[in-house]
Amino acid sequence: MFADLFGFVSPVWLFYIVCFSICAGSCEQAVLPVSVWVGMAASAVGGNHLHTTWKHIVIIVTTLLLLSAPSVCAQCRILRCNSDFVAATLEIGVIGGGGKNGANAVYCSALRSYALCTQRTARACRGDLAYHSAVQGIEDLLIQHRCPQTGPTAQPRPLPQAPLSGDGCFYEKRFMQREGRAPEYLHCGVFGDPHIRTFNEEFQTCAVQGAWPLIDNQYLYIQATSTPTRGSSSTTILTKITVILKNWRECAELQIYQAELDNVPPAFVDGSVTGGDRRGHQSLRVHSHDPGRHAEIWATHIGTTIVVRQVDQSLSLSVRSPRAIVESYTPEQDLQLCVWGCPVSQRMETSYAHPSTPAYTHCSSLLPVRDVYFQACLFDLQVTGDLNSSASAVAALEDARAMISDPDRVHLLTDRAGNNPPSLLVALAFSILVETLRCIFLGPV
């Protein structure tokens with residue numbers, strides 16, 4: 001039986017399994033190709049060999065799994081593409097296109113959406129006659145109706161939804177009734193140079209400039225804009241934060257909040273301080289105990305709290321949100337600094353400070369625990385030379401205390417903030433491997 005099993009699995013998959021087993025036991029004894037070890041050599045010096053090796057091994061294995069995973073589990077969704085196209089054309093009253101310019105523009109949008117749908121399912125539909133017929137038909141129709149290859153696409157059909165119950169706009173109550181327990185809340189903080197504490201308990205200092213998405217999921221979009229500090233091109237501060245709370249059923253309509261340096265308003269951009277009225281309860285509310293420098297947004301329909309504040313001459317952001325909300329993103333929403341951290345090319349190393357330096361003494365008096373907030377205080381003070389810059393780390397720690405229920409998780413220590421083996425990548429790679437092997441032997445569900 002085992003001979004048959006291993007005869008069925010290709011040698012490359014056996015390599016993945018062996019490599020993963022080695023990593024699980026001892027990274028220092030992992031046997032990898034010479035080219036891999038050479039690539040690691042430059043970054044393994046300086047006493048970080050074990051940590052760098054872990055990261056490289058897991059990243060390499062994960063990448064290979066993603067690139068070579070078989071598509072046996074993927075399902076050809078050409079019938080869904082066909083039904084979406086028919087529904088979109090029925091809405092304009094013509095299935096074969098329209099003679100009027102307006103109707104033809106809508107028809108072209110539906111065709112482009114149809115083409116995009118077929119592209120997304122192309123790999124799973126190899127050899128499917130209906131798929132290849134649809135692709136050829138789309139090309140002919142685009143030419144026949146003189147439709148540009150690029151342009152707007154038709155909006156997807158909204159799924160029918162039943163009316164919400166009385167507690168439907170209270171996320172925590174809704175979750176408790178469904179799961180019988182309280183939801184798991186995650187925290188993200190962005191402050192200072194900026195420093196980022198991600199939802200995954202990682203800590204990074206970023207050199208990003210311009211506008212970057214911090215959170216981008218089905219319910220919430222938060223974007224931060226950072227600009228270089230005066231007299232420096234490498235250090236940056238947050239100067240603008242935009243929060244978009246998306247429309248969600250009858251609980252909340254779309255609302256936008258925007259804060260800029262020296263202007264942290266206690267209201268949404270339309271001047272309102274509440275939204276989503278339902279049976280006397282507002283799903284959205286903006287509160288401030290220091291107008292112009294602090295604002296707190298409560299979104300009870302998604303169980304999320306957002307705090308925006310100005311500390312010294314920079315903005316900061318703290319978010320508390322349920323795991324299910326944080327993870328409600330699509331593959332296209334892959335750039336989120338609060339989820340994945342900043343790009344590798346934009347990460348900055350924190351410098352060492354001797355305990356006898358004034359910066360070390362000052363930060364120690366404010367932040368006795370040698371955690372990531374202490375490191376951020378040191379970094380900002382060394383870069384700016386301004387004692388007031390330490391206030392951002394202190395405020396971020398206070399927000400973390402208010403948003404993290406477990407006191408042991410508040411002080412994120414340096415060895416837990418990215419120096420240990422990356423458990424998220426390990427779990428991702430292992431789940432991909434297990435799912436792919438399951439599909440090989442058992443077939444698609």
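Which residue forms a salt bridge with Arg-323? The partner is Glu-327, and the closest N and O atoms of the two are 2.8 Å apart. Keep in mind as you look around that this is a predicted model.

**Salt bridges**

Let's stay with that pair for a moment. Side chains of opposite charge can pair when their charged atoms come close. Arg-323 has a relative accessibility of 30%, so it counts as partly exposed. Glu-327 has a relative accessible area of 45%, which means that it is partly exposed as well. The cut-offs behind that word are simple: a residue is partly exposed when it falls between buried, under 20%, and exposed, over 50%. The pair also has company, for salt bridges that share partners join Glu-184, Arg-323 and Glu-327 into one network.

In total, the structure holds 9 salt bridges. Here are some of them, including the one you have just met:

| Salt bridge | Closest N and O atoms |
|---|---|
| Arg-323 and Glu-327 | 2.8 Å |
| Arg-309 and Asp-399 | 2.8 Å |
| Glu-201 and Arg-197 | 3.3 Å |

Now try the other pairs in the table. Arg-309 and Asp-399 meet through their side chains in a salt bridge. This pair links distant parts of the chain, since Arg-309 sits in strand β11 (residues 304-311) while Asp-399 belongs to helix α13, 90 residues apart. Arg-309 and Asp-399 are both buried. Glu-201 and Arg-197 form a salt bridge too, and each of these residues is buried.

**One face of helix α8**

Next, find helix α8, which runs over residues 171-179. Which of its residues are buried? They are Tyr-171, Arg-174 and Phe-175. If you look down the axis of α8, the buried residues fall within an arc of 95°, so they line one face of the helix. What lies over them? The cover of these buried residues includes strand β12 (314-322) and helix α9 (323-326). Just after α8 comes Gly-180, with a positive phi near 75°.

**A loop residue and its partner in space**

Finally, visit Thr-414, in the loop between α13 (391-403) and α14 (423-442). Is Thr-414 buried or partly exposed? Its relative accessible area is 34%, so Thr-414 is partly exposed. How far apart are Thr-414 and Val-372 in sequence and in space? In sequence they are 42 residues apart, and in space their C-alpha atoms are 5.8 Å apart.

Notes. Residues numbered from 1 in each chain as written. Predicted model: local features only at pLDDT ≥ 70, side-chain atom pairs only at ≥ 80, totals over all residues. Heavy atoms only, no water. Buried < 20%, exposed > 50% of the residue type's maximum accessible area, 1.4 Å probe, protein only. Helix = DSSP H or I, 4+ residues; strand = E, 2+ residues; numbered from the N terminus. Arc of directions from axis to C-beta. Contact = heavy atoms within 4.5 Å. Salt bridge = Lys/Arg side-chain N within 4 Å of Asp/Glu carboxyl O.
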